[in-house]
Amino acid sequence: MPLPIETHLVADSDSGPYAVTTGPDGALWYTLVRGSRIGRLVPGGRPTSYDLAPDRGPTIIVPGPDGALWFTEYQGHRIGRITTGGEVREFTPPTAECGPYGLAVGPDEALWFTEINADRIGRITTDGDITEFPLPLTGAFPSAITAGPDGALWFTLNQANAIGRITTTGDVTVHPLPTDAAGPVGICAGGDGALWFVEIAAGQIGRIGADGEVTEFPLPDRAARPHAIVADDRGDLWFTEWGANRVGAITTEGVIETHPLPEPHNEPHGITVGPDGALWIALETGALARVPRR
């Protein structure tokens, strides 16, 4: 039986909801990458949004350790901070045109981010102090990043076909993937003590243990182009299929099921567990989708 997925319009189709997270205020916060705004929605309420300067390209958004929301500005080459009241500050990394993309809170209470254009990992404190760590690769396209269960940060290297690990002191390890040209993007920590990631170019879900051992699970539709992934509180991993207009779930044993979105061509991107316990997905066509769990 298909899940009763609902869509909630939050912006015009040109604004591009891209990433979504649950804030400390019990609201959903999302980036409008083409509209250069940050949006907020309380489930059951009406959406509001906060303007940034033009062409900032807000991308990934996460709740920070300081009660605010933090986000990357891929086009503006900055890290942004927005309070739950809508006050915005921006911070510029030392490397120009670095293309900040992925963002996560580290075990050190700082925020860690990837620099797609610069082959670097950045660290920013809640006071705005930024440190950058170069990667031992060029053209690697570091993408999503997450805190691991081992006290380090783990990130995808989209063009290097690898998963990276960086300690809070800046030591980097690179783990190549078994599948050539897999194109890893989204990554999250699973409840089984491993990291789970999506391979957008190979149509697979990957798992990497703290020891670097990789297992890959092919999707039923290898052309689905999985994009983002999140762990829920039941131990399952949920992911978006950008190329197939679906949302999927995988157990830690590798059992996969997928669910079509109710409307065609939604372009699902970011995904989060919402304040109501459902999964919420950012649809680049201007809406958020709510996916209830059985």
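This tour moves from the whole protein chain to two loop residues, N158 and G16.

**The whole chain**

Begin with the complete protein chain, which is a predicted model. Colour by secondary structure: the protein chain has 28 strands and 0 helices. Next, display the C-alpha trace and align the view to its principal axes, along which the trace spans about 45 × 45 × 30 Å. The radius of gyration of the protein chain is 17 Å, which agrees with the value near 19 Å that a compact globule of 294 residues would have.

Switch to a surface representation. The accessible surface of the protein chain comes to about 11,300 Å², and 48% of that area belongs to carbon and sulfur atoms. Of the 294 residues, 57% count as buried. For a contact map, take residue pairs at least 6 apart in sequence: among such contacts, 40% join residues at least 24 apart.

Finally, select the charged groups. The protein chain carries 19 positive and 37 negative charges, and the mean positions of the two sets are 4 Å apart.

**First stop: N158**

Select N158 together with strand 15 (153-157) and strand 16 (162-166); N158 is placed in the loop between these strands. Is N158 buried or exposed? N158 counts as buried because its relative accessibility is 13%, below the 20% cut-off.

Now show the side chain of N158 and look for two partners. One is the side chain of Q159, with which the N158 side chain makes a polar contact at 2.6 Å. The other is the backbone oxygen of G183, which the side chain of N158 reaches at 3.3 Å.

Which residues beyond four places in sequence are in contact with N158? Select A140, F141 and S143, then G183, P184 and V185, and lastly I200. For a sense of distance, draw a line from the C-alpha atom of N158 to that of G170: the two residues are 12 apart along the chain, and the separation is 20 Å.

**Second stop: G16**

Move to G16, in the loop between strand 1 (6-9) and strand 2 (17-22). The relative accessibility of G16 is 0%, so this glycine counts as buried.

Next, select the residues that G16 touches, leaving out those up to four places away in sequence: T31, L32, V33 and R34, as well as E284. To finish, add T131 and draw a C-alpha to C-alpha line from G16; the pair is 115 residues apart in sequence and 30 Å apart in space.

Technical notes: Residues are numbered from 1 along each chain as its sequence is written. This is a predicted model: local features need pLDDT of at least 70, side-chain atom pairs count only at pLDDT 80 or more; totals for chains, interfaces and linings use all residues. Side-chain values use heavy atoms; hydrogens and water are left out. Helices (H or I, at least four residues) and strands (E, at least two) are DSSP runs, numbered from the N terminus. The radius of gyration is taken over C-alpha atoms; the globule rule is 2.2 Å times the number of residues to the power 0.38. Buried means under 20% relative accessible area, exposed over 50%, partly exposed in between (1.4 Å probe, protein chains only). Contact means heavy atoms within 4.5 Å. Accessible areas come from the Shrake-Rupley method with a 1.4 Å probe; for residues, only the protein chains shown count as cover. Lys and Arg count as positive and Asp and Glu as negative; His and the chain ends are not counted. The place of a charge is taken as NZ of Lys, CZ of Arg, CG of Asp or CD of Glu. A polar contact is a pair of N or O atoms within 3.5 Å; within protein, one must be able to donate a hydrogen and the other to accept it, and residues adjacent in sequence count only if both atoms are side-chain atoms.
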